Amino acid sequence: MDILIEINHPAQLHLFRPVMEAWSREGTTFLVAAREKDITTRLMDRYGIEYVTLAPVGNGLAGQFRELLRREAAMFALARRCRPRVIMGTSVHAARIARCCGARSMVLCEDDAKYIPLFRWLAYPLAHAIVTPEALAYENHGLRHFTYPAYQKLFYLHPARFAPDAGVRGELGLSASERYAVIRLSSLQAHHDIGARGMSEEMIRDIVALTSPEMRVFISSEKPLPAEFECHRMPLPPDRMHHVLSQAEFLISDSQSMTVESALLGVPAFKINTFAGRISVIRELEEAGLAFGYRPGQEADLVRDVRSIHALPNRRDVFEKRRATMLARRIDPVPWFLELTRRMCDRQSTAEIHAWSREYIAQALSPAQTCPVG
């Protein structure tokens with residue numbers, strides 16, 4: 001087998017989906033080990049992706065630690081049986097298991113290592129390749145660190161692959177002219193979310209009051225919704241979310257992932273949680289004028305800025321121009337990543353791969369955009 005992938009989160013599935021489609025076309029063999037977190041396996045079933053699960057999801061710190069040990073043992077047995085050339089993912093297991101099984105490991109991440117210390121300590125030390133957006137180049141993990149001028153969410157939201165489906169408005173029960181906003185609530189249950197705070201119920205009430213009656217509000221939530229907000233629950237399946245998001249007036253969220261997705265689609269992304277101002281990828285999007293960050297206690301500032309941006313008569317044009325400017329400075333990461341993976345499978349040296357990557361990125365960002373892949 002060529003590649004073993006570990007997928008732990010819906011955003012990671014979206015990231016790897018175009019990559020897996022390319023592998024299937026070219027005959028690269030791969031296997032997915034999935035964690036039953038949130039809607040990850042439901043999405044895989046919906047997309048027809050075959051996968052294996054390694055262990056039941058643990059709750060609380062003790063449960064998550066037990067799950068970690070069970071997953072490590074199960075993934076090691078799986079790798080011994082399948083003998084992949086490369087093991088990859090946003091995975092705490094890939095590097096250790098690859099070292100034990102004679103494979104190479106690729107650990108993908110878009111979060112600053114200093115804010116996910118447990119992941120960094122478990123995943124990075126033995127990794128053959130640490131693959132991050134260029135926004136994290138400052139971390140300087142040495143020759144093993146491969147960076148690219150793009151974002152993980154551009155793997156699936158780059159215009160080369162994603163086009164908004166206007167039909168989603170009908171699925172939401174809206175006319176072509178009706179406007180709507182999206183609220184996204186995260187569970188904030190990951191190990192690095194301990195002590196983190198997000199959007200309050202009062203904040204949700206304020207946003208609903210702010211937008212009523214001129215637009216609808218749809219709420220997507222990883223946690224139970226209070227009864228008063230059930231009428232706003234997102235009615236569509238999760239695989240339609242990016243199409244819903246792409247045509248919204250704005251997003252208000254305490255989720256890092258959906259904040260980035262909204263910004264990359266050119267939809268004003270207002271994020272309120274404890275991590276505001278601390279995540280490098282989101283800071284870049286804030287500097288591009290596509291995202292806006294607030295800490296708990298700054299709700300009044302958020303509402304003021306939502307009012308201000310929503311009042312812009314040419315808001316969509318303004319944000320589409322900001323998005324176009326951002327995209328002109330980024331590459332389509334999928335072709336780059338596919339070639340990086342091929343070179344890792346072929347066991348090229350890190351120096352050779354870095355030389356190729358520098359040339360590829362330079363040409364991808366040039367006006368000619370003719371990228372060497374051989």
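A nonpolar core is a set of buried Ala, Val, Leu, Ile, Met, Phe, Trp, Tyr and Cys residues joined through side-chain atoms within 4.5 Å. The structure described here is a predicted model, and this report treats its cores, one of its helices, its enclosed and open spaces, and two arginines.

**Nonpolar cores**

The largest nonpolar core comprises 99 residues, and M88, M106, W336 and F337 have the most contacts inside it. Helix α1 is the element that gives the most to this core, with 8 residues. Apart from the largest core lies another, of 14 residues, which includes L4, I97, A98 and A103.

The surroundings of M88 can be set out residue by residue. When neighbours within four places in sequence are left aside, M88 is in contact with I3, L4, I5, E6, F16, W23, A94, M106, L108, F337 and T341. Two of these partners, M106 and F337, are themselves among the residues with the most contacts inside the largest core. Another partner of M88, L4, is listed in the core of 14 residues.

**Helix α4**

Helix α4 spans residues 94-101, and its buried residues are A94, A95, I97, A98 and C101. Seen down the axis of α4, these buried residues fall within an arc of 170°, so they line one face of the helix. Their cover includes α3 (60-82), β4 (86-89), β5 (104-108) and α5 (117-123). After α4 comes G102, which has a positive phi, near 75°. Of the buried residues of α4, I97 and A98 belong to the core of 14 residues, while A94 is a contact of M88.

**Cavity and pocket**

Rolling a probe the size of a water molecule over the atoms shows where empty space is left. The structure holds 1 cavity of 30 Å³ or more. The table sets the largest cavity beside the second largest pocket.

| Space | Volume | Nonpolar lining residues | Polar lining residues | Charged lining residues |
|---|---|---|---|---|
| Largest cavity | about 30 Å³ | 5 | 1 | 2 |
| Second largest pocket | about 330 Å³ | 5 | 3 | 5 |

The lining of the largest cavity is made up of E249, F250, P268, F270, V306, I309, H310 and R315. Helix α12 (residues 299-310) gives the most to this lining, with 3 residues.

The second largest pocket has a volume of about 330 Å³. It is lined by 13 residues, of which R17, Y47, Y156, R161 and F162 are the closest to its centre. Elements that give two or more residues to this lining are α1 (10-26), α6 (154-157) and α9 (241-246). The largest share, 4 residues, comes from α1, the helix that also gives the most to the largest nonpolar core.

**Two arginines**

R315 is placed in helix α13 (residues 315-328). Buried means under 20% relative accessible area, and R315 counts as buried because its relative accessibility is 5%. Not counting residues up to four places away in sequence, R315 touches A248, E249, G266, P268 and I309. Among these partners, E249, P268 and I309 also line the largest cavity, as does R315.

R81 lies in helix α3, one of the elements that cover the buried residues of α4. Exposed means over 50% relative accessible area, and R81 counts as exposed because its relative accessibility is 60%. From R81 to I272 the separation is 191 residues in sequence and 45 Å in space, C-alpha to C-alpha.

Conventions: Residues are numbered from 1 along each chain as its sequence is written. This is a predicted model: local features need pLDDT of at least 70, side-chain atom pairs count only at pLDDT 80 or more; totals for chains, interfaces and linings use all residues. Side-chain values use heavy atoms; hydrogens and water are left out. On a 1 Å grid over the protein atoms alone, a cavity is a set of points where a 1.4 Å probe fits but cannot get out, and a pocket is an open set with protein on both sides within 12 Å along at least five of seven lines; lining residues have an atom within 4 Å of a point. Grid points are joined across faces, edges and corners, and a volume is the space filled by probe spheres set on the points. Ala, Val, Leu, Ile, Met, Phe, Trp, Tyr, Cys and Pro count as nonpolar, Asp, Glu, Lys and Arg as charged, and the others, Gly among them, as polar. Buried means under 20% relative accessible area, exposed over 50%, partly exposed in between (1.4 Å probe, protein chains only). The arc is that of the directions from the helix axis to the C-beta atoms. Contact means heavy atoms within 4.5 Å.
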